[in-house]
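Hi everyone, thanks for coming. Please have a look at the screen while I get set up, and then we'll walk through it together.

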Amino acid sequence: MPRTATAAPTAAPATAPVRAASPARTLALTSAATFMALMTYTAPMVTLSDTAAALGTSLSAQAWLLNGTPLGLAALLLVAGSLADDYGRRRIFLYGTYALGVTTALGALATSTWMFTLARVVQGAASAAILAASLGLIAQAYPAGPGRIRATGVWGAFVSGGIALSPVVSGALATLTDWRLPYAVLAVTTLAVGALAPRALTESRAPRAGRPDLAGALTFGLALVALLAALTLGRDGWLRLPVGALLLTAAALLTAFTYVERRTATPMLDLGLLRRPLFLASSAGGLFTGLSVIALFSYLPTVLQHTMGLSAMGTGWLFMLWAGTGFLVALQARRLAGRVPARAQLAAGFLLHAVAALTMLGAAAGGSWPRLLPGLLLSGAGSGLLNAALPLLAVESVPPGRAAMGSGAGNTARYLGSAVGVALMIAVATASGSSPAALAHGADVALLVSAGLGVLAALTVLTLRERRR
């Protein structure tokens with residue numbers, strides 16, 4: 001009783017608002033920052049060739065230019081979500097927004113591959129803070145019910161919107177000067193969003209006692225960094241000493257993380273959640289979205305530029321059709337909530353993507369970009385269903401006070417899958433060589449792999465369902 005009496009006075013400042021914020025304002029600011037994070041994430045999709053040429057990046061090292069941001073995202077998303085719940089979701093959101101703006105500007109000034117890659121890794125870490133804290137702020141502003149369904153649907157649509165607009169904007173700006181201009185514009189815009197946020201958002205924290213799990217955050221974050229570094233380096237040979245050492249390091253750190261989480265009173269990730277089918281469905285959905293969908297469309301534009309001779313701007317318009325369809329479908333998919341289970345929505349999204357990948361077979365070899373259009377529309381519709389269902393499932397698969405952690409866990413799986421998938425897509429697309437004919441054959445192999453992963457994903461999420469008591 002005395003402990004409860006002394007704890008009560010400290011609870012009010014933890015949740016007291018800096019300024020009363022309307023739910024609509026919270027949704028607008030978090031969606032805008034998420035939009036900028038995804039714009040930055042996908043910026044290299046159509047400028048990869050120019051960036052690599054300017055920085056003198058070898059073909060094998062181009063995986064680092066794409067994998068830098070997914071590495072930072074995957075390593076820090078769960079950590080950022082847990083810290084947001086413990087230290088304040090508004091605070092972590094602001095730190096992430098400012099850091100994204102600054103590091104994007106530094107990326108525009110990079111003069112070497114390692115400098116650009118380092119900037120991209122930190123951009124990923126900053127984006128992790130934005131994505132994890134955003135859903136926590138939205139869950140706080142919108143209680144469970146129709147309002148939250150609509151809000152998470154809008155947020156998911158802005159994920160698709162950032163992916164849709166980035167290739168076109170990046171391609172257009174790059175044609176004005178060079179590949180650096182898109183990053184400069186994104187940096188300024190992100191900092192502008194950050195400047196609007198302090199007075200527009202209300203602070204909130206998770207109502208739990210105890211110290212934040214810093215040991216868990218450190219071991220988990222370093223474990224994922226080691227794992228993703230090993231997967232990227234493994235493209236040049238899996239039996240090399242650095243790859244083996246990094247894999248062993250990752251295994252040791254994950255073991256240490258499990259030990260820490262079982263011992264601490266306030267774990268970053270409650271391992272009991274791994275026995276909940278809904279949480280597993282959220283994590284599996286995120287993982288396969290990265291492996292099958294994001295990974296394919298992160299590298300396919302580069303392959304098409306080499307095989308079809310498309311310009312950066314032409315590729316950007318082509319893939320805007322894919323992501324723009326996802327944006328529109330995600331906005332409308334909220335109407336399915338309450339009528340169609342989230343697992344079924346995820347399965348439908350994955351199956352649509354699998355069919356889409358099969359329809360695009362042979363397009364690169366035939367040099368016919370119109371043959372891609374049906375597949376881009378189908379996959380875009382599938383992506384929209386995924387982006388609408390995943391954020392809601394991430395928030396509702398965890399206890400109410402841990403919404404940011406739930407977002408971090410689901411998005412960790414998504415961008416871990418993306419980082420693994422990009423390395424896989426590059427490996428299969430370039431296995432036969434780097435000539436246009438070899439890359440066209442590799443593109444078909446990548447499409448088949450992506451389709452197979454989509455089918456496997458649909459079967460997985462359908463089998464993970466809550467048991468009736």
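Let's begin with a word I'll use a lot: buried means under 20% relative accessible area, exposed means over 50%, and partly exposed is in between, with a 1.4 Å probe and protein chains only. Some ground rules too. This is a predicted model, where local features need pLDDT of at least 70, side-chain atom pairs count only at pLDDT 80 or more, and totals for chains, interfaces and linings use all residues. Residues are numbered from 1 along each chain as its sequence is written, and side-chain values use heavy atoms, with hydrogens and water left out.

Okay, charges. How many salt bridges does the structure hold? It holds 1, and by salt bridge I mean a side-chain nitrogen of Lys or Arg within 4 Å of a carboxyl oxygen of Asp or Glu. The pair is aspartate 85 and arginine 89, whose side chains meet at 2.9 Å, N to O. Are these two buried or exposed? Aspartate 85 counts as buried because its relative accessibility is 0%. Arginine 89 counts as buried as well, because its value is 2%. As background, side chains of opposite charge can pair when their charged atoms come close.

Now for the empty spaces. Rolling a probe the size of a water molecule over the atoms shows where empty space is left. Here, a cavity is a set of points, on a 1 Å grid over the protein atoms alone, where a 1.4 Å probe fits but cannot get out, and lining residues have an atom within 4 Å of a point. Grid points are joined across faces, edges and corners, and the volume is the space filled by probe spheres set on the points. Searching the whole structure that way turns up 6 cavities of 30 Å³ or more.

The largest cavity holds about 100 Å³ of space. It is lined by 13 residues, and the closest to its centre are Ile163, Val293, Trp322, Ser383 and Asn387. Which elements give two or more residues to that lining? They are helix H7 (146–176), helix H11 (277–308), helix H12 (312–333) and helix H15 (373–396). Helices, by the way, are DSSP runs of H or I with at least four residues, numbered from the N terminus. Sorted by class, the lining has 7 nonpolar, 5 polar and 1 charged residues. For that sorting, Ala, Val, Leu, Ile, Met, Phe, Trp, Tyr, Cys and Pro count as nonpolar, Asp, Glu, Lys and Arg as charged, and the others, Gly among them, as polar.

The second largest cavity comes in at about 70 Å³. Among the residues lining this second cavity are Leu135, Trp155, Ser282, Gly410 and Arg414. Two or more residues each come from H11, H15 and helix H16 (403–429), and H16 gives the most, with 4. The class split for the second cavity is 5 nonpolar, 5 polar and 1 charged.

Let's pick out one of those lining residues, serine 282, which sits in helix H11. Serine 282 counts as buried because its relative accessible area is 3%. Leaving out residues up to four places away in sequence, serine 282 touches Leu390, Leu393, Ala394, Ser397 and Gly410, where contact means heavy atoms within 4.5 Å. Serine 282 and leucine 464 are 182 residues apart along the chain, yet their C-alpha atoms are separated by 9.5 Å.

On to helix H16 again, with two residues to find on your screen. Serine 418 is in H16, and with 0% relative accessibility it counts as buried. Beyond its neighbours within four places in sequence, serine 418 has contacts including Tyr41, Asn67, Pro70 and Gly290. Isoleucine 426 is in H16 too, and it is buried, at 2%. From isoleucine 426 to leucine 59 you go 367 residues in sequence, but 9.6 Å in space, C-alpha to C-alpha.

Last stop: arginine 343, in helix H13 (residues 342–359). Its relative accessible area is 17%, so arginine 343 counts as buried. What does its side chain reach at 3.0 Å? The backbone oxygen of leucine 462. Not counting residues up to four places away, arginine 343 also touches Ala281, Val461, Leu464 and Arg465, among others.

That's my tour, so over to you.

Terms used
On a 1 Å grid over the protein atoms alone, a cavity is a set of points where a 1.4 Å probe fits but cannot get out, and a pocket is an open set with protein on both sides within 12 Å along at least five of seven lines; lining residues have an atom within 4 Å of a point. A polar contact is a pair of N or O atoms within 3.5 Å; within protein, one must be able to donate a hydrogen and the other to accept it, and residues adjacent in sequence count only if both atoms are side-chain atoms.
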